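Visitor: I would like a close look at one part of this model, with its surroundings worked through in order. Please state the cut-offs as you go.

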Amino acid sequence: MIKPGEVKVMKKKLNAVKIAEFVGMCILAFIFIMPFFWTVITSLKAPNEILTWPPTFFPEKPIFKNYTDVIKKINIFRMFGNSIYIALVTTVGQVFFCSLAGYAFAKLDFRGRELLFKIYLSTMMVPGMILLIPRYVIMRELGWVDKHVSVILPFIFGNAFGVFLMRQFYMTLPGQLKEAAIIDGASQPQIFIRVYMPLTKAIVSTLFVFSFMGSWNDFLWPLITLQSAKLKTLPIGLASFQSLYGVQYNLLMAGAVLSVLPVMLAFLLAQKQFIEGIALSGVKG
Amino acid sequence: MKTRQKVNPIKKGENFWGYVFIAPNLIATAIFVLIPILFSLYMSFMKWDMINPPEFVGLANFTEKMMRDEQFFIALKNTAVYSFISIPLGVVAAILVAYVLSGDLRGTTVFRSIIFIPVTLSMISVSMIWKWLLNGDYGVVNYFLSFFGIDGISWLGDERYAMMSVILIGIWKSLGFNVVILIAAFKDVPKSLYEAAALDGANGFQKFKNVALPLSAPSIFFVTVMSIINSFQVFDVVYMTTQGGPGDATRVVYYWIYQNAFKFFDMGYASALSWIVFIIIFVFTMLQMKFGGRNQSYD
């Protein structure tokens with residue numbers, strides 16, 4: 001319908017727009033990369049060099065002492081360990097229990113299924129700030145304040161969002177698989193674990209990344225429940241680090257680099273899962 | 001026996017196992033969501049410092065105490081300002097960036113990844129970094145602005161700029177989230193519709209306005225609702241950068257509730273405040289749903 005000549009004219013017209021778009025994106029990319037660049041630069045400066053104007057873009061003499069100082073002053077590896085442990089345990093539990101419930105809501109025929117699912121889904125509407133205080137009181141009554149169990153247990157059994165995501169996926173899988181397995185004499189748990197679960201690797205890895213990110217970055221709840229330095233996760237550890245060394249930006253930025261770097265590496269390795277997980281939450285949500 | 005046989009043998013045990021499979025989720029929800037909701041409601045009628053036994057005060061938390069709490073109203077106003085600036089700004093920016101990145105520009109996946117990086121990081125690291133960038137005396141942002149003749153703004157330390165700074169940090173952190181969702185939406189728009197619009201003589205902007213936007217309305221709506229919910233619960237960035245100050249400039253409701261509960265140990269009053277905010281969020285979400293729904297049907 002469109003002749004080749006016309007296409008060329010259109011392309012020329014579009015070129016100006018394309019260039020403007022490209023320049024705009026480059027400026028945006030600069031706004032997103034510059035902060036990290038500046039963080040690294042600052043983390044390599046001597047204490048007196050951060051207080052110079054105009055700021056120097058390359059440290060006169062890069063020093064790595066800031067990093068060893070941070071490691072000496074706060075036990076950042078311990079915080080890492082705590083964060084990894086809590087996020088991993090919580091996430092594995094969440095993925096399993098969300099799969100289990102999502103499968104049941106999608107594939108098993110039990111009484112009151114639709115109603116229970118609707119009620120369960122409506123808990124997504126409840127804002128965290130309502131739950132904060134009573135959950136703290138419950139943890140205090142149970143004697144779990146300042147123990148890792150307080151930041152694991154409320155989340156390990158999954159949440160409405162995860163169940164919803166898994167249910168949507170299980171609904172796309174054929175029901176005949178189940179029927180065939182029943183005829184072969186498999187029990188319901190066997191059908192779930194052996195037949196259906198292996199088919200959900202893609203969505204499970206998405207949910208895994210999503211849950212891990214949520215747990216890893218959680219701040220207010222651990223801030224309230226975990227007080228001992230040896231129990232602190234990375235976000236609350238960094239927060240107390242900042243309140244102790246408020247103006248020593250060379251140290252703070254070294255701490256920021258140490259905390260940000262592993263997450264960035266994980267993102268670069270598992271970009272697909274990160275981005276697809278978010279995109280999916282928009283489409284399904 | 002006879003009635004049993006009427007049950008489809010293929011569905012053997014589904015009733016029982018269905019309940020077993022959802023039990024962990026439902027029991028945990030009962031303990032960590034439903035009971036806390038009821039408990040929170042109960043506490044909102046109490047005066048309780050967590051040391052002495054709770055004392056019933058009726059509606060006093062909602063009436064006398066709240067009415068006299070000037071800072072709560074300042075916090076509500078601050079949260080409203082935060083929402084009314086950050087939601088439109090954040091959503092419009094996300095729509096524009098996503099639209100460009102859903103096209104055939106060079107390097108779209110690289111740009112997308114770069115914009116997405118802050119989403120993966122904790123707000124704590126992000127706030128630490130930005131607090132330094134926005135430093136009034138030695139911050140690199142002021143250095144760049146000095147080329148344009150703008151000098152020495154104390155971004156987080158000046159009542160006039162603190163809220164705007166907090167908003168911009170929030171948008172910087174969450175832009176990638178919204179962009180990724182909207183790219184998926186824009187890419188779902190069938191190519192044939194753009195081609196049809198082009199044949200009808202639509203220019204680039206018209207294609208964007210009349211094809212891409214209406215067809216992506218559900219995702220834009222989703223992103224907006226998420227932004228509303230998040231903007232009412234903004235906390236981390238305030239905790240890390242301004243602690244509610246300077247003065248009361250960035251004291252948002254969640255931060256005020258946190259202070260009442262865990263700094264002043266006024267658990268009852270803090271619970272009452274959180275209910276008021278919950279109701280406000282609920283009303284806003286419902287209005288948005290009604291409004292959003294109506295919009296869609298007219299398109």
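**A long helix and what surrounds it**

Guide: Helix α2 (residues 14-43) of chain B has 30 residues and, at 1.5 Å a residue, should span 44 Å; its end C-alpha atoms are 41 Å apart, which agrees. The expected span is 1.5 Å times one less than the number of residues, and helices (H or I, at least four residues), like strands (E, at least two), are DSSP runs numbered from the N terminus. The model is predicted, so local features need pLDDT of at least 70 and side-chain atom pairs pLDDT 80 or more, while totals for chains, interfaces and linings use all residues. Residues are numbered from 1 along each chain as written, chains are lettered from A and ligands numbered from 1 in written order, and side-chain values use heavy atoms, without hydrogens or water.

α2(B) bends by about 50° at B:A23. The bend is the angle between axes fitted to the seven residues ending at a residue and the seven starting there. A proline, B:P24, follows B:A23 within four residues.

Elsewhere in chain B, the stretch around helix α13 can be followed from one loop to the next. The loop between α12 (236-241) and α13 of chain B contains B:P246. The peptide bond joining B:G245 to B:P246 is cis, with omega about -10°.

Helix α13 of chain B is largely enclosed by the rest of the structure, because 10 of its 10 residues are buried (under 20% relative accessible area; exposed is over 50%, partly exposed in between, with a 1.4 Å probe and protein chains only). Among the buried residues of α13(B) are B:Y254, B:Y255, B:W256, B:Y258 and B:F262. B:Q259 also belongs to helix α13 of chain B, and its relative accessibility of 13% is why it counts as buried. Setting aside residues up to four places away in sequence, B:Q259 touches B:R251 and B:F264 (contact: heavy atoms within 4.5 Å).

The loop between α13 and α14 of chain B holds B:F265. B:F265 has a positive phi, near 50°, although the residue is not glycine. With 37% relative accessibility, B:F265 counts as partly exposed.

B:D266 forms a salt bridge with B:K65, the closest N and O atoms being 2.3 Å apart. B:D266 lies in the loop between α13 (253-262) and α14 (267-298) of chain B and B:K65 in helix α3 (residues 61-68) of chain B, so the pair ties together parts that are 201 residues apart in sequence. A salt bridge here is a side-chain nitrogen of Lys or Arg within 4 Å of a carboxyl oxygen of Asp or Glu. B:D266 is buried, with 14% relative accessible area, whereas B:K65, at 32%, is partly exposed.

Through shared partners, salt bridges join A:K18, A:E21 and B:D104 into one network. Within that network, the side chains of A:K18 and A:E21 meet at 3.8 Å, N to O. A:K18 and A:E21 are three residues apart in helix α1 (residues 4-43) of chain A, which means about one helical turn separates them. A:K18 is partly exposed, with a relative accessible area of 28%. Over all chains the count comes to eight salt bridges.

Another salt bridge in chain A pairs A:K65 with A:D69, whose closest N and O atoms are 3.0 Å apart. Both residues lie in helix α2 (residues 65-73) of chain A, four residues apart, about one turn of the helix. A:K65 is exposed at 51% relative accessibility, while A:D69 is buried at 12%.

Chain A also has backbone features to compare with those described for chain B. The peptide bond from A:W53 to A:P54 is cis, omega being near -5°, and A:P54 lies in the loop between α1 and α2 of chain A. A:D146, in the loop between α5 (128-141) and α6 (149-156) of chain A, has a positive phi near 65° and is not a glycine. Most residues other than glycine have a negative phi, and most peptide bonds are trans.

Last comes A:G102, which sits in helix α3 (residues 76-107) of chain A and counts as buried at 0% relative accessibility. Its C-alpha atom is separated by 7.6 Å from that of A:L165, 63 residues apart along the chain. Beyond its neighbours within four places in sequence, A:G102 is in contact with A:V163, A:M166, A:R167 and A:Y170.
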